[in-house]
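Hi,

Here is the structure I said I would pass on. Have a look at it first, and then read my notes underneath.

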Amino acid sequence: MRIVLGVGGGIAAYKVASLLRLFTEAGHNVTVIPTEASTRFVGVATWEALSGNPVSNSVFDDVPQVNHVRLGHEAALIVVAPATADLLARAATGQANDLLTNTLLMARGPVLFAPAMHTEMWQHAATQANVETLRGRGITVLEPASGRLTGADSGPGRLPDPDVIFDAAMALTQGRLPLTGRTVTITAGGTREPLDPVRFLGNRSSGKQGVALAVAARNAGASVRLLAAHMDVPAPPGVELVEVETALQLREAALTAAADSDVVIMAAAVADFRPADVSDTKIKKRDDTADPVITLVRNPDILQELVQLRDQTGGRQLIVGFAAETGDANGDVLHYAAEKLTRKGCDLLVVNHVGRDQVFGKDHNSVVILARANSEPQSASGSKQDVAAAITDRISFELSHVLPRA
Ligand code: CTP
């Protein structure tokens, strides 16, 4: 989920670094917008390093991107911590004098303020009126915690614990996320086709893109089933994990999981062939026999079967395939990808241009998303998390506009 984290100019700004960690460790994509005053407490470099995203606090940075419009529209959630008396006042009166307040005026999703200030400032009639105004507009303003404040004083005014802010933020997005109530099955990793008890034919898929998709779908509110063939990365928390080894096992698991899924994403690298015979015992190296020959037989095309099954049963599932393509003298990557989309019959095809830039095991990816209805190809690139977010956004769009709930 894309989150904007606004940081106000109070000493408690340093505690927000822990809050940012909670968001990023849960797999969220966070853009930090510090106010000018807050950078006297915590520098921009800290926010950039911890979020992994560039940080700005001026509407005049990166003007062609119109940052406040983009950030406000894209954010599924805006959290402001510490919300100072000044920030609460500016938000309540609709001021737009820096990037954060501009972004707040553009917000489409829920907004949460976590206040921190001296007790007298919190209890002042002006601050209380501003809090009431904000709450009246459906904005969540947490109560500050009580305890020792910056000076010798103590009372209500402490920033609530990062855990408390995190839980409140997550609760706010429940039921409002685009994939809430949807079940998404994702296959990931590379299948391994055994030759004997110790050897197999495998491929170089790391499972990173599939895992990034599982995190993105989970964070978009979906119940996620991850059907994992061999992966170099661990499965994320909060998803149902089914581990498989071979293409046939993956087929079995995918057909079962698909029965009650709204979306199936075939991100796994499935072996097209498997050894015809699997030896029960280790194949010995005998010097006196001829060079061994491995006979391969075709594996079923799981993606195609899922599409056929859905069409035969009149299902309304969204099925997403992946393709690694190269162009040649007879056609470019998009030409071959469009052919594959038609052949496989899936609704969306995520196309990697291989050859130009190998994708296996890398942390970055660049894809084109093709849709069955001949719509404009959509490009997405960046980290595998960025690409996963773009694919998840597209799936949410297709589910609500093209395949609305029956
Ligand atoms: N796939 C599948 N079952 C297979 C092979 C692939 O479900 N036995 C799925 C992959 O998970 C992926 C898509 O099909 O979503 C990739 O197809 P790809 O292997 O690129 O296509 P092929 O039909 O094998 O075409 P090519 O001739 O390009 O190899």
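Below is what turned up, starting with the ligand and ending with a peptide bond.

One thing to keep in mind is that this is a predicted model.

The ligand sits in the second largest pocket. Helix 11 (302-313), strand 16 (318-325) and helix 12 (333-344) are the elements that each give two or more residues to the shell around it. Helix 12 provides the largest share, with three residues.

Who are the neighbours? In total, 14 residues surround the ligand, and the closest are Met266, Ala268, Leu303, Phe322 and Lys340. By type, the shell splits into eight nonpolar residues, five charged ones and one polar one.

Now for the polar contacts, where both oxygen and nitrogen atoms of the ligand come into play:

- Ala268 has a backbone N or O atom 2.8 Å from an oxygen atom of the ligand.
- Asp272 uses its side chain instead: a polar atom there lies 3.3 Å from a ligand oxygen atom.
- Ile302 places a backbone N or O atom 3.0 Å from a nitrogen atom of the ligand.

How much of the ligand does the protein bury? On its own the ligand exposes 580 Å², and the protein buries 75% of that.

Away from the ligand, have a look at Ala81 and Pro82: the peptide bond joining them is cis, with omega at about -10°. You will find Pro82 in strand 3, which covers residues 77-83.

That's it from me. Enjoy browsing!

Methods
Residues are numbered from 1 along each chain as its sequence is written. This is a predicted model: local features need pLDDT of at least 70, side-chain atom pairs count only at pLDDT 80 or more; totals for chains, interfaces and linings use all residues. Side-chain values use heavy atoms; hydrogens and water are left out. A residue is near a molecule or strand if one of its heavy atoms lies within 4 Å of it. A polar contact is a pair of N or O atoms within 3.5 Å; within protein, one must be able to donate a hydrogen and the other to accept it, and residues adjacent in sequence count only if both atoms are side-chain atoms. Accessible areas come from the Shrake-Rupley method with a 1.4 Å probe; for residues, only the protein chains shown count as cover. On a 1 Å grid over the protein atoms alone, a cavity is a set of points where a 1.4 Å probe fits but cannot get out, and a pocket is an open set with protein on both sides within 12 Å along at least five of seven lines; lining residues have an atom within 4 Å of a point. A molecule sits in a cavity or pocket if more than half of its atoms lie within 2 Å of its grid points. Helices (H or I, at least four residues) and strands (E, at least two) are DSSP runs, numbered from the N terminus. Ala, Val, Leu, Ile, Met, Phe, Trp, Tyr, Cys and Pro count as nonpolar, Asp, Glu, Lys and Arg as charged, and the others, Gly among them, as polar.
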